[in-house]
Amino acid sequence: MLTTGPVEAYPQVLAALGRPMQYDYLPAYQDYYAGVIARLRRVLRMDDDPVIMQGEAILGIEAAAAALIGDGDVVLNIVSGVYGKGFETWARRHGREVVEIAAPFDEVVDPQAVRAALRQRPDISIVSICHHDTPSGTINPVEEIGAIVAEHGAYLIVDAVSSFGGMDIFPQSCAADIFVTSPSKCLGSAPGLSLVAVSERGWRKIEANPAAPRASFLSLADWRGASRPGAAFPVTPSIAEIHALDAALDLHEAEGAENVWARHAATAAATRRGLLDLGYELWPRRPEWCSPTATVFRVPEGCDATELRNRLVREHEILISLGRGATAGKVLRVGHMGPAARPENATKFLAALESVVSRQGV
Ligand SMILES: *Cc1c(COP(=O)(O)O)cnc(C)c1O
């Protein structure tokens with residue numbers, strides 16, 4: 001599986017999914033859960049406890065919008081791909097107005113365009129951005145943008161679902177007020193949870209927002225402090241997926257974040273280099289915009305994306321991802337996430353691709 005998520009899980013993660021179930025009403029489970037939260041806080045390099053929402057990362061992103069955006073808020077939605085554009089739906093649902101700045105989906109957002117948008121509309125109170133827009137394989141300069149947003153005083157929501165863990169990005173390094181990621185991309189765990197880091201001022205805004213969901217599956221606030229002694233979980237946690245996450249975080253810490261990033265970067269570099277040497281065209285218009293966690297390249301003329309994908313599976317047992325939304329049919333995507341981030345996978349993939357494409361006479 002060289003997919004862009006969900007990805008193949010580490011063997012230790014699969015083993016953890018088979019652990020006996022636990023009963024979440026026991027203090028022993030509360031202690032265990034608190035330990036996972038503490039580990040997640042270390043891995044996210046946060047001062048405060050993150051929360052785990054019990055559903056795949058879109059839940060965390062939708063919950064972030066519902067919690068932070070009040071009916072008086074003007075949201076600047078930064079768009080450079082399918083996921084960035086998708087956030088608009090929730091921003092419109094909860095906010096007063098949505099302002100958009102957009103880059104073509106094979107480019108990234110210019111921080112100066114964000115600065116200009118904030119100057120032009122001083123009433124922008126919330127900014128949202130997708131760090132790695134996975135259908136494009138591009139990385140937005142979110143640290144620079146975060147600094148500009150902080151200077152303006154707005155709150156920042158960052159979708160780092162497919163970048164966190166696989167490269168140097170953290171909630172505090174981009175000054176995010178809400179930072180959402182997933183276990184099932186670069187951390188190499190099972191899908192089914194949202195990992196959400198909220199800043200202290202983010203929590204204050206949520207508490208002051210009368211429209212923020214409470215007593216709801218969508219409520220971030222309900223999960224705050226759920227692992228503290230004596231507190232109760234709002235609903236039963238996803239016991240097996242928490243076990244899997246725990247194992248994945250353990251592996252991440254044991255290998256060391258910097259080593260994990262290096263493995264992702266080396267795999268991406270080898271894949272890009274090979275594709276370019278073989279005459280393929282990358283989707284991102286500049287090499288410095290390319291993600292270290294996924295490589296997106298154009299489908300060669302004369303080939304059909306789905307047919308190519310299917311033949312790679314049938315003939316070489318290698319599964320890669322198709323494009324999505326605006327990139328569907330135009331690109332193919334190779335994930336370098338979690339256990340797939342090994343440079344030898346680049347060689348295997350390139351050999352298989354050439355074999356399939358050359359026999360099509362392309
Ligand atoms: C995978 C992904 C998500 C989460 O999507 P799910 O369908 O919940 O897995 C969100 N944002 C980005 C950029 C992603 O790649």
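Biologist: How much space lies in the largest cavity?

Modeller: Rolling a probe the size of a water molecule over the atoms shows where empty space is left. A cavity is a set of points, on a 1 Å grid over the protein atoms alone, where a 1.4 Å probe fits but cannot get out. Its volume is the space filled by probe spheres set on the points, which are joined across faces, edges and corners. In this predicted model, the largest cavity has about 30 Å³ of space, and a search of the whole structure finds 1 cavity of 30 Å³ or more.

Biologist: What should I know about the numbering and the cut-offs of the model?

Modeller: Residues are numbered from 1 along each chain as its sequence is written, and side-chain values use heavy atoms, with hydrogens and water left out. As the model is predicted, local features need pLDDT of at least 70 and side-chain atom pairs count only at pLDDT 80 or more, while totals for chains, interfaces and linings use all residues.

Biologist: Which residues line the largest cavity?

Modeller: Lining residues have an atom within 4 Å of a grid point. Leu2, Thr267, Thr271, Val334, Gly335, His336, Ala340, Asn345, Ala346 and Phe349 do so here. Helix H9 (257–277), strand E12 (331–335) and helix H11 (343–359) each give two or more of them, and H11 has the largest share, 3 residues. Helices (H or I, at least four residues) and strands (E, at least two) are DSSP runs, numbered from the N terminus.

Biologist: How does that lining divide by class?

Modeller: Ala, Val, Leu, Ile, Met, Phe, Trp, Tyr, Cys and Pro count as nonpolar, Asp, Glu, Lys and Arg as charged, and the others, Gly among them, as polar. The cavity lining has 5 nonpolar, 5 polar and no charged residues.

Biologist: What fills the largest pocket?

Modeller: A pocket is an open set of points with protein on both sides within 12 Å along at least five of seven lines. A molecule sits in one if more than half of its atoms lie within 2 Å of its grid points. The ligand takes up the largest pocket, which has about 190 Å³ of space. Of the 16 lining residues, Glu56, Ile58, Tyr83, Val161 and Lys185 lie nearest the centre.

Biologist: Which residues are around the ligand?

Modeller: A residue is near a molecule if one of its heavy atoms lies within 4 Å of it. The shell consists of Glu56, Ala57, Ile58, Ile61, Tyr83, Cys130, His132, Thr134, Asp159, Val161, Ser162 and Lys185. Helix H3 (residues 57–68) gives the largest share, 3 residues. By class, the shell has 6 nonpolar, 3 polar and 3 charged residues.

Biologist: Where are the polar contacts between side chains and the ligand?

Modeller: A polar contact is a pair of N or O atoms within 3.5 Å; within protein, one must be able to donate a hydrogen and the other to accept it, and residues adjacent in sequence count only if both atoms are side-chain atoms. Polar side-chain atoms of Glu56 and Lys185 lie 2.4 Å and 2.8 Å from an oxygen atom of the ligand. For Asp159, an N or O atom of the side chain is 2.7 Å from a ligand nitrogen. The protein covers 84% of the 380 Å² of accessible area that the ligand has on its own (Shrake-Rupley method, 1.4 Å probe).

Biologist: Which peptide bond is cis, with omega near -5°?

Modeller: The bond from Gly5 to Pro6, and Pro6 lies in the segment before helix H1 (11–17).
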